[in-house]
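This report describes a model of several protein chains for a reader who is new to structural biology. Please keep the sequence and the structure in view while reading.

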Amino acid sequence: MPLNYIFPEFEVVRNADQCVACRACERQCANEVHHYSEEYGRMIADNSKCVDCQRCVTICPTHALKIVKSDNTFRENGNWSAQTIKEIYRQADSGGALLSSMGNPQNYPVYWDKILINASQVTNPSIDPLREPMETRVFLGKKPSTITRDENGELVTKRPPRLELSVPIMFSAMSYGSISYNAHASLARAAKELGIYYNTGEGGLHEDFYCYGPNTIVQVASGRFGVHKDYLNAGAGIEIKIGQGAKPGIGGHLPGKKVNEDVSHTRMIPMGSDAISPAPHHDIYSIEDLRQLIYSLKEATAYQKPVIVKIAAVHNVAAIASGIARSGADIIAIDGYRGGTGAAPTRIRDNVGIPIELALAAVDARLREEGIRNEVSIVVGGSIRSSADVVKAIALGADACYIASSALMALGCHLCRSCQEGKCNWGIATQRPDLVKRLNPNVGSKRLVNLITAWRHEIMEMMGGMGINSIEVLKGNRMMLRGIGLNEKELEILGIKHAGE
Amino acid sequence: MKRIYVNEDWCLGCHLCEYYCTFANSGLESMAYALKGKPLSPRIQVEEEGEIHFAVSCRHCDNPVCVKSCITGALSVEDNVIHCDTNKCVGCYTCIMACPYGCIMPATSGVIQKCELCTNNAHQKPLCVQGCPNEAIVFEER
Amino acid sequence: MRREGENGYRIPAGCAISGIFDRTGEKINGWEIVKSIAVMHDRSNGLGGGFAGYGIYPQYKDYYAFHIFYDSLDAKHECEMFLERHFDIADLSKIPVRKNKNITDEPMIWRYFVIPLQSKLVESQLEEENFTRRCVLHINDKIKGANVFSSGKNMGCFKAIGFPEDVGDFFRLEEYEGYCWTAHGRYPTNTPGWWGGAHPFDILGMSVVHNGEISSYDANRNYMESAGYKCTLLTDTEVIAYMFDYLIRQKQLTLQEAANVVAAPFWQTIAAMPEKEREKNIYLRDVFSSLLITGPFSILLGYEGGLMALNDRLKLRSLVVGEKGNRTYIASEECAIRAICPDVDKIWAPKGGQPVILSLDQQA
């Protein structure tokens, strides 16, 4: 056997006094880390297979298990980190480009954590959400630029197509294929119950989920998987995916092993074939092409659905957004470099794109300067981790936020970053029936509803503190934010002052 | 009345219910003490073949044949729960043969044991339900 | 000393407001409003007072009356050059003032009656009102040391640093008569050094006096700046005046509709409305979502031929209305009404978010 240069990253630690050898860990580990040794009469583990998904730890009835990071040490230095060394070994082994999943994990600044929120003291009152109405409803879509009246002088109240959200949070695009049927069922049911939307991603819409259409955003991506007229008309809105924060500039890749019969049917591709979406849309090589696709989709849906254009946050994002706003899109979704994915080339995930906070501030400011901010709504994602991130994003100018990693975590995801393996122990990023069934949508949808309900409560608390009782005027209210530990340039781009100013 | 129901769509075959059941009826405070190195004697059992799993425990039938078959009057229905008086049971196992679901089993003590919805132990609420990781076992009114 | 608005410097303030309106158009002496606001002395702290009078310049009623503060002769010179290039100036003079020991550091205060030059109007392709608005915004933004603090027709604002009663005395308000007056006493939480920061704030005769500190400020400002208004003072009053100017003059909303935008009914209230009303309110809230005002405010919006009073939707600031014959009195406190009309016929407090709209009979 050739030498394996990579020492197992994690160690399974089992408390022998606590372990009752119920073998639940063994039955629940798709990576086959645990097994019961008849010979020794106890459980043993193969650390090299462990991805630290925490399934065994969570399910162990006597809390006999924990997973720790191995303290085996490479001879690291400031230039050669253990991670870098390990990646060299892996590539020397395999000869391939490295693949990873979830968002950019590198130690770049998280601007959300360098922004603080205001509260009222004396000069105006804070508002108690337990005692006063506190409104979180928002509409997404174009605002009419002219007011029209009928012959009696009454306002004509017809508005361009829009999305109505009870709280400015939506579940971001995750395709059926990359995640399981039960994960989709959980998202769809939760979106319906919450009065928000979930997003099909580029994998089409399973026929069982057409009933959730009023709470569904259907995506059209470069591979056009699962796109047909009924699909477009099934959703409340249509999203054209140009790019994604985790891997700007490249398309998706669904491994053939995840393409089972149902996925193949929904995506309209042969079973077992890799679903590789092209890097660009091959009918969009320029902004005027985008306009044509937007209007093709609007024609196909009789101008009844708002069209979202989703882009990754890249260097020139403000100018690109301005172009999109002038191309007939109703909503622009921007995905920051921390945004998650089921699989992306590691180098791209870790080195391409910019933080969503800066992209959002730049786009909002540019659209306002150009007087076209009301032509589009802005939705941001990648990564929104808490209600405080939502409040900060709205105050920086977003109309709503997209969450995906947080939603998956509510479903059980422990960020083990092995989605591409298709062996998700939590039944999320897998198509293996025995694993898929681990995610009971009754449980999943309830946990998602709980998460958003909790966030909504916290958002209302923070709004009340600021003396704001309706979220629409938190939008772009940057005076409610202060930076901490940021330099002049960062403050300038974010359009906020430093704490103490 | 509330009963234990199992939905095989969500049963993962993890067998944890069996462990929780044994622990619940052990009378001990710690699961590790209750189960470590001891034989498992659950009142709920996972039936399985291939990818199909489901846990089975006493249905608490409206018209229970086990009670009818009991030769000593040890089995009785109290508040809709089928209860076994182990002082009266002589271990003839007629009930085991009579039960159409296979939900009654011999206890290590020689008499029989069956699910009494944890009303006969310190937990009061069925511990298999609380311990099921996927809400495959529910305790509800139907 | 830092001016409000400079380098993003924003000063929150509490206040007193008062207003009188005669619907038959009968003239009311300016001193009446001074007596009314003076009773609420404790609601101001001597750091700003002001008045707006409507119907006070009948002899020049078709001309925009610009009241301008100048910090320096250079500013005056530059501003007058600008005015001469763009307007026909019918009259110009210093605004007459009386020495008052409590009013100090006064800037030069000048008044111009102007109409836009026809040639400039044609060149700009704007109508008169838009053209004038742009010129006013231009002077305030671009000419350092000049501040047009009043620019309506047949109306004028008078404001200064000081208690309102001293400001009224300083501007000799007993010499003016109008059908509508509003007044403001300011209680800023920080020291303003500048007269332009006092209230009322006026844009083309749409004047606002306001008591409160709004929490929606930056959202409102961003929207207005995107619509071409430049907020130089960073005060609530400035942005509120611009918002009404925009909604009523540019978007042609009715006063009631504009009130439903800035003090929008709660969604739960809207849900209970009859269908047509509901549709209309959803439309207004959605389309003008960034023009909702949250946080406490009570405002008096003066405009040619009318006056509107409005409270925030939670009624976090006091506002009382009194009626006697043709006259309506509106103030932060009842005492300010009783001070000038002891035997008022009817007195009541409007609900949060419900506008009180007054207009001259002959216009109605």
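## A helix and its surroundings in chain A

In helix α11 of chain A, the residues A:Ser387, A:Asp389, A:Val390, A:Val391, A:Lys392, A:Ala393, A:Ile394, A:Ala395 and A:Leu396 are buried. A residue is called buried if 20 or more other C-beta atoms lie within 10 Å of its own, exposed if 12 or fewer do, and partly exposed in between, with C-beta atoms placed from the backbone. Helix α11(A) covers residues 387-396, and 9 of its 10 residues are buried. Helices (H or I, at least four residues) and strands (E, at least two) are DSSP runs, numbered from the N terminus. After α11(A) comes A:Gly397, which has a positive phi near 130 degrees.

The model is a predicted one, in which local features need pLDDT of at least 70 and side-chain atom pairs count only at pLDDT 80 or more, while totals for chains, interfaces and linings use all residues. Residues are numbered from 1 along each chain as its sequence is written, and chains are lettered from A and ligands numbered from 1 in the order in which they are written.

Another helix of chain A, α14, contains A:Val449. Is this residue buried or partly exposed? A:Val449 counts as partly exposed because it has 18 C-beta neighbours inside 10 Å. Leaving aside neighbours within four places in sequence, A:Val449 is in contact with A:Ala190, A:Glu193 and A:Leu194. Two residues are in contact if their C-beta atoms, placed from the backbone, lie within 7 Å. The C-alpha atoms of A:Val449 and A:Ala191 are 8.0 Å apart, although 258 residues separate the two in sequence.

## Strands that pair

Strands of a sheet pair through backbone hydrogen bonds, either parallel or antiparallel. Here two strands count as paired if DSSP finds at least two bridges between them. In chain A, an open sheet of 3 strands has the order β6-β20-β21, with mixed pairing. Strands β6 (115-117) and β21 (497-498) of chain A each have a single partner strand, so one side of each is left without a neighbour in the sheet. Within the pair of β6(A) and β20(A), A:Ile117 has A:Leu481 as its bridge partner.

In chain C, strand β6 (residues 108-116) pairs with β4 (residues 64-70) and with β5 (residues 87-94). C:Phe66 has C:Tyr112 of β6(C) as its bridge partner, and C:Asp91 stands opposite C:Phe113 of β6(C). The table lists three strand pairs.

| Strand pair | Sense | Bridges |
|---|---|---|
| β4(C) and β6(C) | antiparallel | 7 bridges |
| β5(C) and β6(C) | antiparallel | 7 bridges |
| β6(A) and β20(A) | antiparallel | 3 bridges |

## Chain C as a whole

Chain C holds 11 helices and 18 strands. Its C-alpha trace spans about 60 × 50 × 45 Å along the principal axes. A compact globule of 364 residues would have a radius of gyration near 21 Å, and the 19 Å of chain C agrees with this. That radius is taken over C-alpha atoms, and the globule rule is 2.2 Å times the number of residues to the power 0.38. Of the 364 residues in chain C, 55% are buried. Among contacts in chain C with a separation of 6 or more, 76% join residues 24 or more positions apart.

## Where the chains meet

Of the 2 pairs of chains that touch, A and C have the most contacts. Their contact takes 34 residues from chain C and 33 residues from chain A. On the side of chain C that touches chain A, α6(C) gives the most, with 7 residues. By class, this side of chain C has 12 nonpolar, 15 polar and 7 charged residues. Ala, Val, Leu, Ile, Met, Phe, Trp, Tyr, Cys and Pro count as nonpolar, Asp, Glu, Lys and Arg as charged, and the others, Gly among them, as polar.

Between chains A and B, 17 residues of chain A are in contact with 18 residues of chain B. The largest share of the side of chain A that touches chain B comes from α1(A), with 3 residues. This side of chain A has 7 nonpolar, 5 polar and 5 charged residues. Chain B and chain C do not touch, and their nearest C-alpha atoms are 36 Å apart.
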